[in-house]
Structures are given as structure tokens and as C-alpha cells.
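Work through the exercises below with the model open beside you, and try each task before you read its solution.

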Amino acid sequence: EQALIAAVQSVLSRVHLVILSDYAKGVVTDRVIAGVAAAAKAAGKIVIADPKSRDFRRYHGVDLLTPNRHEAAVAAGIACGNEAEAVMTGTRLMEQTGIASLLITRGEQGMTLMRKGEAPLHLPADAREVFDVSGAGDTVIASLGLALAAGLEMDIAARFANLCGLSQEGGGLYSNPSNQAAEPAGAAKLPQGSVEGSNVNSIAQITRRMEVQRAYEAIANMM
């Protein structure tokens with residue numbers, strides 16, 4: 001455990017943030033979590049954790065948790081089936097752990113971002129059919145970490161992570177058979193192809209694409 005903590009400490013000056021991906025295989029122990037979180041905090045680095053435990057209090061000290069809805073529901077002891085329940089679940093977990101931010105991935109329902117002192121942010125999946133959720137948690141935490149490392153605000157980073165699972169070709173985590181994101185009823189229409197290289201036709205879609213483009217540019221500048 002100490003060797004692993006020391007290894008992380010040795011590279012902290014060369015990284016933007018730390019991701020703890022817990023697979024419950026015995027590597028990410030309580031001592032490792034606490035040691036890495038303390039070292040990262042001392043170095044001014046963000047720590048994100050993808051939890052795999054019934055007790056999220058062991059992740060105290062990290063800046064952001066990214067559980068899926070099942071993991072969140074089990075840890076909180078309450079259902080996490082809709083937006084209202086996601087908010088209740090997130091609120092309880094934040095109170096229990098003292099962690100300031102929580103991003104609950106909710107499959108075909110999208111994500112819910114909870115931040116201390118701010119209103120919940122619900123991000124729709126923009127998908128009509130779930131293609132494959134394998135590796136969804138890894139995709140979310142990797143893209144979220146990349147966006148945060150690039151200096152993006154957490155809400156924009158969460159939107160970027162949410163959309164990283166989409167694929168216009170139908171091969172991503174979420175497949176949209178029509179090759180277009182579902183749009184809210186009554187959304188203002190614009191001519192097809194109004195945004196170069198895309199097939200968007202609503203202001204809502206254009207806004208989302210602009211946010212993702214901002215994320216891409218920030219990440220490219222960091223490379």
C-alpha cells in the first residue's frame with residue numbers, strides 16, 4: 001500500500017489530476033484512497049474516484065465520485081430510478097461522505113451531477129436505444145478527467161463525458177438509430193446542416209455541440 005501511495009506521489013508534479021478506478025480487487029484499499037487523496041490535496045490536484053463499495057465513506061477526501069445508479073442506490077440505501085430519486089440519493093451520499101461533488105451515471109436516462117451549494121444538473125442521454133453499456137463507467141471517468149484536466153468547469157466536463165458515450169454510427173455506448181439526437185418537443189428548427197459537418201436541426205442540439213467543441217479545443221490545447 002505504501003509503495004503504491006509513494007508511486008503516485010512521485011508523479012503528482014507531472015499530472016493534472018488523479019483518477020482512482022476501484023474494481024474491488026483489493027488494490028484500492030482504504031489506506032490507498034486516504035493516502036492518495038491526502039497527497040493529491042497537498043499537491044493541489046483533483047482526485048476523481050469510480051467507486052465499487054457499499055460504503056462510500058471510504059472515499060472521503062476525494063473531490064468527485066462517479067457511481068452508476070445501482071452503486072449509488074445500494075450505498076445510499078434508497079432507490080435511484082428517476083431524477084427526483086437521483087437527487088435524494090446524491091444528497092444522502094454527499095452528506096454521508098463529505099464529498100462535494102457526485103456524478104451519477106444513469107444508463108439510458110443520462111447522468112445527474114450534484115455539487116455542494118448548486119442546483120442538480122440532469123443530463124439526458126440523447127439516445128432512443130441503449131446499444132451497449134459495457135465500459136460505460138470507464139468511459140465517463142476518463143473523459144470527465146480529461147476535460148477537467150483541460151481546465152473546463154465541472155458542468156461542461158460532465159456534458160462532455162455524457163456525450164463521449166454517443167456514436168452517430170451506432171457503435172458507442174448509446175446508439176441512436178436515426179443518426180440524430182432526440183430533441184425536446186417544440187424545439188426551434190433550423191435548416192439541416194446549419195452546423196458544418198453535422199446533421200443537427202435544433203437550437204438545443206447546436207448548444208450541446210458547441211459545448212463539446214469547446215471541450216475538444218481545450219483538450220487539444222493541453223496536449
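**Exercise 1.** At what angle do helix α3 (residues 69-76) and helix α4 (residues 83-97) pack, and how many Å apart are their axes?

*Solution.* Begin with the general idea that two packed helices are described by the angle between their axes and the distance between the axes. In this predicted model, helix α3 and helix α4 pack at an angle of about 60 degrees, and their axes lie 9 Å apart. The next step is to put a word to that angle: a value from 65 to 115 degrees would count as roughly perpendicular and one under 35 as roughly parallel, and α3 and α4 are therefore oblique to each other. As for the handedness, α3 passes α4 in a left-handed crossing. Finally, look at the residues that meet, which are Ala-72, Ala-73, Ala-75 and Ala-76 on the α3 side, and Thr-89, Arg-92, Leu-93 and Gln-96 on the α4 side.

**Exercise 2.** Decide whether Val-36 is buried or exposed, and find which residues Val-36 touches beyond four places in sequence.

*Solution.* First locate the residue: Val-36 sits in helix α2, the element that spans residues 30-42 and has the highest confidence in the protein chain, at 97. Next take its relative accessible area, which is 2%; because the limit for buried is under 20%, Val-36 counts as buried. Then list its partners, leaving out residues up to four places away in sequence, and you obtain Ile-5, Val-8, Val-18 and Leu-20. For the chain as a whole, 43% of the 223 residues count as buried.

**Exercise 3.** Where is Ala-24 placed, and what is the value of its phi angle?

*Solution.* Following the chain, you find Ala-24 in the loop between β1 (17-21) and α2. Its phi is near 60 degrees, which is a positive value in a residue other than glycine.

**Exercise 4.** Over which residues does pLDDT stay under 50, and which strand has the lowest mean confidence?

*Solution.* Start from the whole protein chain, which averages a pLDDT of 79, with 69% of the residues scoring at least 70. Now search for the weak stretch: pLDDT stays under 50 over residues 167-203, although the model still has 71 contacts for this stretch beyond four places in sequence. Confidence is lowest in strand β9 (residues 174-175), where the mean is 38. The last step is one of caution, because where pLDDT is low, the predicted coordinates should not be read in detail.

Terms used: Residues are numbered from 1 along each chain as its sequence is written. This is a predicted model: local features need pLDDT of at least 70, side-chain atom pairs count only at pLDDT 80 or more; totals for chains, interfaces and linings use all residues. Side-chain values use heavy atoms; hydrogens and water are left out. pLDDT is the predictor's confidence in each residue, from 0 to 100. Helices (H or I, at least four residues) and strands (E, at least two) are DSSP runs, numbered from the N terminus. Contact means heavy atoms within 4.5 Å. Buried means under 20% relative accessible area, exposed over 50%, partly exposed in between (1.4 Å probe, protein chains only). Axes are lines fitted to C-alpha atoms, for helices over the stretch in contact, and angles run from 0 to 180 degrees between N-to-C directions. Angles under 35 degrees count as roughly parallel, over 145 as roughly antiparallel, 65 to 115 as roughly perpendicular and the rest as oblique. A crossing is left-handed if the near helix is turned anticlockwise from the far one by less than a right angle, and right-handed if clockwise.
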